[in-house]
Amino acid sequence: MKIDPSLLERRTHALGPAYRLFYDKPLHLVRGAGARVWDVDGKEYLDAYNNVPSVGHCHPKVVEALSKQAATLNTHTRYLHETVVDFAEQLLGYFPQALSQVMFTCTGSEANDLALRVARSVTGSTGVIVTENAYHGVTSVLAEMSPSLGSANSIGADVRVVAAPDTYRLGNEGAQDALVEGVKAAITDLEDAGFGVAALICDTVFASDGIFVDPPGLLQGAVAAVQAAGGLFIADEVQSGLARPGTHMWAFERHNVVPDMVTLGKPMGAGHPIAALVSKPELLEHFGNSTRYFNTFAGNPVSAAVGQAVLNVIVDEDLMGNALRVGNQLRELLDDQLSKHAHIGDVRGSGLYAAVELVKDRETKEPWPEGIQQLLNLLRENGVLAGSCGRFGNCLKIRPPLCFSAQDAVMFVQTLDRTLSKL
Ligand code: PMP
């Protein structure tokens, strides 16, 4: 690919260095459609990574809804607007009855930040429990509960970190038990330190921890322990939700729990910045009595029109069904690779969210993060985009737009097979 050195140089000068680029040779994309993107030289890539363009890159129905509302009116939530209320009602229709109110934000971070404010205000406690390699957002309070930002990032005094349920190493039952034990110990510790427990917050597929979706019910014990201690359960569905699990609209539903609050983001606007906090109304009533909340851009009519268009496309194109069918097929094809490539330790996932864990040795399960970095660069050379995750950074993260087809799954696994053979 022609790398435009001047663009890279200009970027380096103009943008702060905390922004990281993917790939040894940065990728310069200029166009997208469905599950495909094209670079500046016209080379086509299969996108098996991006969940933000949830219903496919530049979906015409989403673009149309956005343009139409942008050409009509865009204001904010302080005026009455039908589309905003329609969207709120439509979205809430996908939640258990107990979760019957929504507050819009622009980003997943804002949704998590608001959820924490509500949790701390309602419980009167400040303690928060997160998993070992969790990521929950960019605000200072969320960075303090995002261990995946690295060892230089400090974790809050009232934050306790528990091991994620590593079913590959501990087995389903072992992982579930370890999670409950970890959460109970964290509760005791927070109480002893005088913080009390405001919330357990989990990405409900544990994406940055390495994607652990099974067994169904995995979260039940941990959630029950937190609620029994007076804390709240916040399901962070910013990555995991919106039809991607295939079996359900939201990943928490796989575990048969009703969260106190659910946070949403990334895929909601298929690229437009829409996010939300969905909550039990009594919590928001308590919060609303003590303060007001206005988020200038959040829930504006253009965002609401886009959000509605995304929900409509998910239904009209049966993208949840697609996630289930293609996701199952994808994992079957990946399972077949286990017999061919000794470095594949485990394949897991639900719907169109899958992890392939690379190990140096299947016996010891020693992680192979170097392999993942080589693999990602080579996959890209071969026209496929994927990502990495996991506390050891050794899992291939497969999280394509929801329109990923059966043929795309075959192409992905064939390319992976060829690429792994070269490592
Ligand atoms: N929670 C999770 C699980 C996320 O993956 C992310 C973003 N990667 C966030 C919260 C933060 O969302 P945003 O980047 O929209 O602020």
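Begin by selecting the ligand, because the space that the ligand takes is the largest pocket of this predicted model.

Next, select the residues that surround the ligand, which are T107, G108, S109, N112, Y135, H136, G137, D203, D236, V238, Q239 and K266. If you colour this shell by residue type, you will find that its members divide into two nonpolar, seven polar and three charged residues. Now show the helices and pick out helix 4, which spans residues 108-123 and, with three residues, supplies the largest share of the shell around the ligand.

With the side chains displayed, go through some contacts in turn. At S109, an N or O atom of the side chain lies 2.5 Å from an oxygen atom of the ligand, and at Q239 a side-chain N or O atom is 2.8 Å from an oxygen atom of the ligand. Move then to K266, where the partner is a nitrogen atom of the ligand, placed 3.3 Å from an N or O atom in the side chain. Switching on a surface lets you look at the cover around the ligand: taken alone the ligand exposes 400 Å², and the protein buries 84% of that.

For the last stop, leave the ligand and select R331, which is found in helix 10, the helix formed by residues 319-337. Is R331 buried or exposed? Its relative accessible area is 13%, and R331 therefore counts as buried, since the cut-off for buried is under 20%. To finish, select V278 together with R331 and draw a line between their C-alpha atoms, which are separated by 31 Å, while the two residues are 53 residues apart along the chain.

Note on methods
Residues are numbered from 1 along each chain as its sequence is written. This is a predicted model: local features need pLDDT of at least 70, side-chain atom pairs count only at pLDDT 80 or more; totals for chains, interfaces and linings use all residues. Side-chain values use heavy atoms; hydrogens and water are left out. A residue is near a molecule or strand if one of its heavy atoms lies within 4 Å of it. A polar contact is a pair of N or O atoms within 3.5 Å; within protein, one must be able to donate a hydrogen and the other to accept it, and residues adjacent in sequence count only if both atoms are side-chain atoms. Accessible areas come from the Shrake-Rupley method with a 1.4 Å probe; for residues, only the protein chains shown count as cover. On a 1 Å grid over the protein atoms alone, a cavity is a set of points where a 1.4 Å probe fits but cannot get out, and a pocket is an open set with protein on both sides within 12 Å along at least five of seven lines; lining residues have an atom within 4 Å of a point. A molecule sits in a cavity or pocket if more than half of its atoms lie within 2 Å of its grid points. Helices (H or I, at least four residues) and strands (E, at least two) are DSSP runs, numbered from the N terminus. Ala, Val, Leu, Ile, Met, Phe, Trp, Tyr, Cys and Pro count as nonpolar, Asp, Glu, Lys and Arg as charged, and the others, Gly among them, as polar. Buried means under 20% relative accessible area, exposed over 50%, partly exposed in between (1.4 Å probe, protein chains only).
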